[in-house]
Amino acid sequence: MTKPRVLVTRRWPEAVEAALKERYDLVLNEDDRPMDEDGLRAALRDMDAVLPTVSDRLDAAVFEVENPKARFLGNYGVGYSHIDTEAAKRHGIVVTNTPDVLSDCTADLAMALLLASARRIGEGERQVRGKAWSGWHPMHMQGGKVAGKTLGIIGFGRIGREVAKRAHHGFDMKVVYFDKYPAKPEVERDLGAERRDTVDDVLAEADFVSLHCPGGQENYHLIDAERLKRMKPTAYLVNTARGEVVDGAALAEALNAGTIAGAGLDVYEGEPKVNEALLACENAVLLPHLGSATKDTRIAMGMRVLQNLDAFFAGKEPPDRVA
Ligand code: DGY
């Protein structure tokens with residue numbers, strides 16, 4: 001039997017590529033550059049399955065291919081707002097993602113950004129490396145205290161809950177959250193979390209706000225100038241979700257005006273470009289989309305795609321189907 005032809009759009013850990021090669025006729029993007037619209041269109045036309053990731057924009061236009069051969073899109077990543085899932089459905093293409101395996105590491109990174117922005121770790125490092133540190137003194141680089149403060153979580157899914165666990169059990173924080181779907185009382189109890197009725201209620205109460213909702217149209221600029229004004233001037237915003245959830249220009253203005261105290265960002269609208277005004281904000285800690293970037297997790301993400309791919313070609317329902 002001929003093996004299904006599968007394209008991986010970026011390079012993956014060796015162990016996963018090797019496992020894929022055993023079972024599929026694998027096509028790799030050898031030079032690991034993001035694929036353009038024409039390349040993705042050709043892939044949908046010629047491959048049986050395409051395994052894209054967040055650097056690939058699969059909007060409706062990309063699916064407008066005559067007789068696409070592809071029947072399966074196995075996204076490497078949990079967030080899939082870069083894929084027009086309605087268009088995929090219209091063309092009879094199944095889409096899967098990789099939940100669970102990256103929740104720990106993404107939550108760790110959210111906590112790292114929370115701590116780094118509150119304790120001015122980016123600024124401090126720049127000062128030492130720039131040989132501008134004049135020595136210890138009581139007024140030097142005072143930041144915000146973390147332990148015992150209130151953390152507001154927007155989006156209380158797998159990653160939001162892992163952040164709550166770390167914050168509550170590790171840093172003795174009170175957790176308030178907004179999610180359309182209330183968590184079970186025992187989950188709330190375990191995580192020391194209380195639901196609030198609106199995003200605005202969370203923003204008004206929290207000393208730290210961490211975003212864990214999906215991106216895409218439904219949450220586009222959820223945090224805009226108005227919402228930033230609802231936060232406390234002593235509060236910090238952390239975004240490890242998707243860049244488009246925050247209006248970057250409004251955030252830069254809020255950081256410069258002292259509307260909020262600081263921010264820790266891992267994701268950006270239109271990344272890898274980063275808003276110039278944000279780059280100039282000393283009180284922002286900026287990372288290059290590292291949420292799931294640990295060796296273990298990147299292998300686990302690939303293996304999760306493989307499980308879905310195997311299920312699909314075995315005629316079974318893929319476990320992580322999202323469309
Ligand atoms: C995810 O899994 O959503 C990461 O942000 C990479 O896409």
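User: In this predicted model, is A49 buried or exposed?
Analyst: The model is predicted, so the answer rests on computed values. Burial here means under 20% relative accessible area. A49 has a relative accessible area of 0%. That puts A49 under the cut-off, so the residue is buried.

User: Which strand holds A49?
Analyst: Look at the element that spans residues 49-51. A49 lies within it. The element is strand β3.

User: Which residues does A49 touch, leaving out those up to four places away in sequence?
Analyst: Contact means heavy atoms within 4.5 Å. Neighbours up to four places away in sequence are not counted. What remains is R5, V6, L7, F72, L309 and F313.

User: What distance separates the C-alpha atoms of A49 and A311?
Analyst: These two residues are 262 residues apart along the chain. In space, their C-alpha atoms are separated by 13 Å.

User: How many aromatic pairs are there?
Analyst: Rings pair if their centres lie within 6.5 Å. By this rule the count is six.

User: What kind of aromatic pair do Y24 and F313 form?
Analyst: A pair of aromatic rings is described by the distance of the centres and the angle of the planes. For Y24 and F313, the centres are 5.9 Å apart and the planes meet at 50°. Planes under 30 degrees apart count as stacked and over 60 as edge-to-face. The angle of 50° fits neither, so this pair is tilted.

User: How many residues apart along the chain are Y24 and F313?
Analyst: Y24 sits in the loop between α1 (14-23) and β2 (25-28). F313 belongs to helix α13 (residues 295-313). The pair links distant parts of the chain, 289 residues apart.

User: Why does F313 count as partly exposed?
Analyst: Partly exposed lies between the buried limit of 20% and the exposed limit of 50%. Y24, at 5%, is buried. F313 falls between the limits because its relative accessible area is 32%.

User: What kind of aromatic pair do F312 and F313 form?
Analyst: Their ring centres are 5.1 Å apart. The angle between the planes is 85°. An angle over 60 degrees gives the label edge-to-face.

User: Which residues do ring pairs link into a cluster?
Analyst: Y24 pairs with F313. F313 also pairs with F312. The full cluster is Y24, F72, F312 and F313.

User: Which residue's backbone nitrogen does the side chain of N308 reach?
Analyst: N308 lies in helix α13. N308 is buried, at 0% relative accessibility. Its side chain reaches a backbone nitrogen at 2.8 Å. That nitrogen belongs to D320.

User: Which helix do the buried residues of α6 pack against?
Analyst: Helix α6 covers residues 121-129. Its buried residues are G122, E123, G124 and Q127. They pack against α5 (103-118).

User: Which residues surround the ligand?
Analyst: The shell has three nonpolar, three polar and one charged residues. By name, they are V54, G77, V78, G79, L102, R242 and H289.

User: How far is a polar side-chain atom of H289 from an oxygen atom of the ligand?
Analyst: Other polar atoms also approach the ligand. A polar backbone atom of G79 is 2.8 Å from a ligand oxygen. An N or O atom in the side chain of R242 is 2.8 Å from a ligand oxygen. For H289, the distance is 2.7 Å.

User: How much of the ligand's accessible area does the protein cover?
Analyst: On its own, the ligand has 230 Å² of accessible area. The protein covers 88%.

Conventions:
Residues numbered from 1 in each chain as written. Predicted model: local features only at pLDDT ≥ 70, side-chain atom pairs only at ≥ 80, totals over all residues. Heavy atoms only, no water. Near = heavy atom within 4 Å. Polar contact = N/O pair within 3.5 Å; in protein donor to acceptor, adjacent residues only side chain to side chain. Areas by Shrake-Rupley, 256 points an atom, 1.4 Å probe, with all protein chains shown as cover. Nonpolar A, V, L, I, M, F, W, Y, C, P; charged D, E, K, R; others polar. Helix = DSSP H or I, 4+ residues; strand = E, 2+ residues; numbered from the N terminus. Buried < 20%, exposed > 50% of the residue type's maximum accessible area, 1.4 Å probe, protein only.
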